[in-house]
Amino acid sequence: MVHHTNQYSRPQPSPYLSILATIRSAVFSPRRDLHRLGQEDRFGVSPACLKRAERLITALALTWIVGCEPPPLTPNGVVGVFGNVGLGNGSFSYPRAVTADPAGPILVVDKAGRIQRFLADGTFDRVWRMPKTEKGKPVGMTVHPDGRIFVADTHYHRVLIFDQVGNIVGSFGSEGVGDGEFQLPTDVAVDAQGDLYVSEYHENDRITKWSPDLQFIAAFGEDPIEGKRLSRPAGIDIDSEQTLWVADACNHRVVRFSLDGAALSVIGEFGREAGELRYPYDVDVSPDGEIMVCEYGGDRLQWFSKDGKSLRTWGSSGRKLGELSGPWGAAYGAQGLVYVVDSLNSRVQILEP
Amino acid sequence: MTIVGLALPFDFEQPVWLWLCLIVPLLIAASIRSLAGLSPIRRALAVTARSFVVILVASCLAGIQHVQRTDDLTVLFLMDRSHSVQEQQDFQEQYIAEAARGMASEDRVGLIDFARNAFLQQLPMSGGYHIEPGRLPPMPNTDRTDIASAMRLAMAMFPHDTAKRIVLMSDGNDNMGDLLTEARRAKADGIPVDVVPIYYKHRNEVYFDRMIAPTHAEPGEQVPLRMVLNSHKAVAGTITMYLNGELVDLPEEAARVHLNPGSNTLFMKMPIQRSGAQTYEAIFHPDNEEMDTIALNNAASAFTFVSGTSFVLILSSNPSHDQPLADALASENVRVEMRNVSELGAFDLLHMMNYSTIILANVPAATFTDEQQEALAVYVKDMGSGLIMFGGDESFGAGGWIGSPVEEIMPVSFEIKHKRVIPRGALVLIMHSCEIPRGNYWGKEMAKKSVDTISSQDYIGVLAYTYSPGGENWEVPLDLNLNKAAVKAKIDRMQIGDMPDFGTTMQMAFNSLTSGRGSDAAQKHVIILSDGDAQPPSGRLVNKYVQAKITVSTISIGWGGHVMDRALRDIAKKTGGKYYAARNPRQLPQIFSKESKVVRRPLIIDEPFQPQVLHMYSDLLTGIDPQSDALPPLGGMVLTSPKHSPNVLVPIIRATDDGEDPVLAHWQYELGKAVAFTSGYWPKWGTAWTEWPKFAKLWAQIVRWTMRQDTPANFDTYTRVEGNRARIVIDALDKDAGYLNNLQLRTKAIGPDNSAIPLQFTQTGPGKYEAQVEVEKAGQHLANVQVADGTRNLGTIRTGFSVPFSPEYRDLIPNEALLRQVVDTTEGRWLDAGPAHDDVFNHDLPPTLAKRSAWEWVLAWLLLPLFLLDVAVRRLASWLALSVAVEIVVLFVLLYGIGIAYGPWWGILGAFALAELIGWTIRFRFIGPLFDFMTHSVTALSRTGERSAASLDQLKTTREQVRDELSSAKEEGLKRIDQEPGPIPLASARRRFDTGGHSAEPAGDLDQALDGAKVTEPPPDKRRPPPPVSKEDQEETTSRLLRKKRKREEEKE
């Protein structure tokens, strides 16, 4: 069950604790200052001993007031978390994209240019590296129903295709603004016919459509509803009704397109309230048709119905479980769990939506 | 206290506190008396608990530690990655990977690699060596080997609770630190250092040992050069010679050389072309490339000072502007050389030393590198030369010189300190996180540089995208740059996030610059630093910038080539800013100081004024009579303020209603002299001056005042460089060839990076003085030695030495002796049998005593339960409650013991069982009732049949009774109503709900209060007949008193 956490309440400090703090500052601080000034203590109490005595008394006092503190906040809906900062296996250095293989495993790509595969419970499975990383690293990827992994190799302006164990089996696109060319591609999606969709930004700001044999078909990015062009489409996904959802990051909204490029509807505007968005960087459609939006600037996930009603939000800024810091992406896993890359905290949180 | 630790599983930090345990006997004596009212068992329990409490408090204060013996092992590999062993890196990585395969699961392994600096690559961790071969990051500065620093890092990185071992993999060619000292330190810490020696193949190698040139020469002489080359085999090759950076055309017979195995000495004579410092560089090229492995050590350099007339250098950004000055100086017989600053090329301290004074004529700071600016400062303060700075639109504060090393040596501060209102500038920096390594670090460095460069009267603000909560923020809100240190601290604390688009931050900057804090600025400028992968701003926003005349300069950084620069280029072009592509972080400081300068135009006063003489007795104005030679008017100047120092003299000023601005200021700063003339810019501001008859005389006078006074003491000087040690020897003889003893020689050596290295001369013989110095960097080192005899100054000696290349490139064979010495010192092992046989993770080291502070545990698990037990023993009247208390305490104590000993799972079950056993032993009387209670339902169930029959009977009887009562009551009631409405019998009604009267009264004592839950409460006395209604109150009190009395008696039993 997901709780609404717009107003994240924090426990008030217990009055007992303030009494304790007063005692500590009245009794121990003067003596500590004495030590700090290097003056002789009249009773010959050493700083280490003072510290121990202080902690002894604090512990005694705390023992008596145990139970007065409210219980710690439970991370709402978080059922698991994996990863920490590092370059070892199972660790991340600023992870930026997550995708779920329909077969179960989770793939995460981080800013060290590594694609790591995990089992659904977060157990490390295998790792491979992008062939080139000195210009920059990928920010989006998706798993094709046939098992191939399409990675938007953003800073090399191409899409790389890997097999399940990390061998490169293909690539398409090159830098440019023309048809069949990319500028900073961000994400890939596959429709029921096997056609591919690639979002890109910077000067292109568009979605390009590719046939299953990787031939360019069309490009689109205008939305006549609000009269805007896409601005940094950062994440895309296709729902069961075969419409394309685009996280239009710098316009702070989500746009729904038909697969031939006609804009159907628009959700959200800039803001922090429910129904508003702040740099949506990823969008994923749940098995029961809810639109989950990952807000990079809002540090939360927000769910919408297909007609644009905000259903609920999850997460707030921070480092604790249940809090996010600059999340770049989120994905529904095979068991209906949501995996969100908590980028600045270098971890992936698993929640039960 | 290790002895205690060896014998017992605990130890104390400050055992003196254990004397507190002496209270225990007193306490026992006192307790026995004070607890006389308790039963003997309770008393014994209470006294024991109390004694333990005291002992445990004493142990806590004494800092009890838990001591654990472990024979786990941590091995730290130190991998030499310096130049000399670079080819062996694969071997080293393979060795570690293979050795780590044989480690036990509890053992830990870590890796430190080193060359000049040491880096921790893998923390000591169990589970094996995780770094794949070839995945180590590149090693910077491989030109040195500092094994000692790697050893220091290793010793700091060891976990405290395992045995420790260092495995050093190196060729032993340590050329920086003191390895043996560190080895002795490791020995003292009980860390053996095993050595995996790295051998390399016998190489064909030629290297330049040294080139020797005389430190001084006279014009017209031929300078003799002596070159020492070492070769392993007989080699033929050619020598190429450069004089002052230019190729010397050597005759064929001089250039061709044949080297024999061993040391070879070559002689060469070079003509002197000009005065000043002459640098010689020789490079040897073997005919057969295979005869030489390391090319870096084939060069050597040296330099000679040639005495001669002093020159003055004018550095100008537009020589035609400054031609009048050069002509004027030349007419007064000052030897002038003028150079365009953009064609300066390599210009270091050695080049500067060819001139006695340097004039910066309207030159912006950005044309010099940071190193050159530092060299200019050293040139004045340490080398005793002169520096003159002229004003202009690109000079002083307007030229980006604020905060530079040159400002430090100038007599004026380039900031405006007085209260005058001058138009302000406003600078906003937009920082975008960069994909490239260390991009954010450089971004911050640059931002700090601009804070330094702009004046405190200008606005500065920094915008970035930051996390938590995610969004664009004014990291430094746009405000006056008054407290530069605070602003820089804020910049340091910034966590630059990945900014999605430029639009939002540019809009924020626009708002603040047009309607916010910076709206009153005369000059508004924005700098965007990015790698370009953020979303570009909308065209409308850029147009708003154009309309508001806010310029935007964009800097794309990316030294891997990753830059999306088109958008950045467009923004700069449209708004009138500049676009820079920084492909090297070292370019950034210059770009930033150049850009920050844009907001400094308000410092320029572009209106004519009449300069006034304030201080006519200044040395600089000698011969200028303010009455007869009125100074001609000037067309403009740059605002500065004089420094607060008694040395600063300001002879010429511009007087206004707001105060006085310095026009000419001068001072002596350390050894040198500096002059600031804030006007200048002759074609625009100084036309009247260049036509003034005294122009030439005045400037020649000023220039001569600043010039370095070379009064060479004619002493013989030798310098010699051996490895990384340089030696300067001075032979001091007077005119009559008598030894000069007890001279004071003061100097600093200035290294190639303008850092000062202190030199200490000691007299080593009659008239002989020597100084030794460790040099770190290859390159030219200069020294200006001031010679004094008591108070009399005998002059200065200019000397120096040249370190051609690092000793790293000189070591041709491994230094096995040193490595053996390390092994012997630390009782390590010599591992040369290969990873499979070396048994790196051998557990033959003595077990480690891991000490863990345990007083918190003692407090929580022993002290508090015992404390509570003491209370419970005295206060809990019931044996049941007491038994529970004892049981809990026993359980806690046992769990604590199991916890610190990492006992098995069944230990916990055992603890529970034992505690229960003890508890039930105390409350054995309750076993029966408990059993009854537990089995009650079963027995009750078995009697259900009987009971239901009985209850049916009872119900029948009751029904009969009730029927009878009702019928009789009806009759009675009818009678009563007929007579009178009597009072309802309240008392009887109340009694029905009475609980026995306990709650109505306060408890007499604690025993009574605690007695509420007593199991042994006597059953209600059935013999007593139910009291009549009328006597009820009285009866209650009596029964209560009776009950209480009975209870007391029971307890006393």
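**Exercise 1. Determine which residues of helix 14 of chain B meet which residues of helix 15 of chain B, and characterise the contact.**

*Solution.* In this predicted model, the residues G503(B), M506(B), Q507(B) and F510(B) of helix 14 of chain B meet L541(B), K544(B) and Y545(B) of helix 15 of chain B. By class, the residues of this contact divide into 4 nonpolar, 2 polar and 1 charged.

The next step is the geometry. Helix 14 (residues 502–515) and helix 15 (residues 539–547) of chain B pack at an angle of about 25°, and their axes are 11 Å apart. Because angles under 35 degrees count as roughly parallel, helix 14 of chain B is roughly parallel to helix 15 of chain B. The crossing of helix 14 and helix 15 of chain B is left-handed.

**Exercise 2. Establish how helix 6 of chain B packs with helix 21 of chain B, and with which hand they cross.**

*Solution.* Begin with the axes: those of helix 6 (residues 179–188) and helix 21 (residues 816–826) of chain B lie 8 Å apart, at an angle of about 20°. This angle makes helix 6 of chain B roughly parallel to helix 21 of chain B. The crossing of helix 6 and helix 21 of chain B is right-handed.

Then list the residues. Helix 6 of chain B contributes L179(B), L180(B), A183(B), R184(B), A186(B) and K187(B), which meet L818(B), Q821(B), V822(B), T825(B) and T826(B) of helix 21 of chain B. The residues of this contact divide into 6 nonpolar, 3 polar and 2 charged.

**Exercise 3. Test the end-to-end span of helix 10 of chain B against expectation, and state whether the helix is mostly covered or mostly uncovered.**

*Solution.* Helix 10 of chain B runs over residues 370–381, and at 1.5 Å a residue its 12 residues should span 16 Å. The expected span is 1.5 Å times one less than the number of residues. The end C-alpha atoms of helix 10 of chain B are 17 Å apart, which agrees with the expectation.

For burial, the helix is mostly covered, with 10 of its 12 residues buried. The buried residues of helix 10 of chain B include Q372(B), L376(B), V380(B) and K381(B). The buried residues pack against elements of chain B, among them helix 9 (349–352), helix 11 (405–409), strand 20 (386–391) and strand 33 (659–669).

**Exercise 4. Classify I294(B) as buried, partly exposed or exposed, and give its surroundings.**

*Solution.* I294(B) is placed in the loop between strand 15 (276–286) and strand 16 (299–306) of chain B. I294(B) has 18 C-beta neighbours inside 10 Å and therefore counts as partly exposed; the threshold for buried is 20 or more.

Not counting residues up to four places away in sequence, I294(B) touches E205(B) and Y809(B). E205(B) is 89 residues from I294(B) along the chain, yet their C-alpha atoms are separated by 7.0 Å.

**Exercise 5. Describe chain B as a whole and the side of chain B that touches chain A.**

*Solution.* The secondary structure of chain B comprises 30 helices and 44 strands. Of the 1053 residues in chain B, 40% are buried. Among contacts in chain B between residues at least 6 apart in sequence, 77% join residues at least 24 apart.

Turning to the other chain, 28 residues of chain B are in contact with 30 residues of chain A. Two or more residues are given to this side by each of helix 3 (40–61), helix 16 (565–575) and helix 23 (855–875) of chain B. Helix 23 of chain B gives the most, with 4 residues. The residues of the side of chain B that touches chain A divide into 11 nonpolar, 12 polar and 5 charged.

Notes:
Residues are numbered from 1 along each chain as its sequence is written. Chains are lettered from A and ligands numbered from 1 in the order in which they are written. This is a predicted model: local features need pLDDT of at least 70, side-chain atom pairs count only at pLDDT 80 or more; totals for chains, interfaces and linings use all residues. Two residues are in contact if their C-beta atoms, placed from the backbone, lie within 7 Å. Axes are lines fitted to C-alpha atoms, for helices over the stretch in contact, and angles run from 0 to 180 degrees between N-to-C directions. Angles under 35 degrees count as roughly parallel, over 145 as roughly antiparallel, 65 to 115 as roughly perpendicular and the rest as oblique. A crossing is left-handed if the near helix is turned anticlockwise from the far one by less than a right angle, and right-handed if clockwise. Ala, Val, Leu, Ile, Met, Phe, Trp, Tyr, Cys and Pro count as nonpolar, Asp, Glu, Lys and Arg as charged, and the others, Gly among them, as polar.
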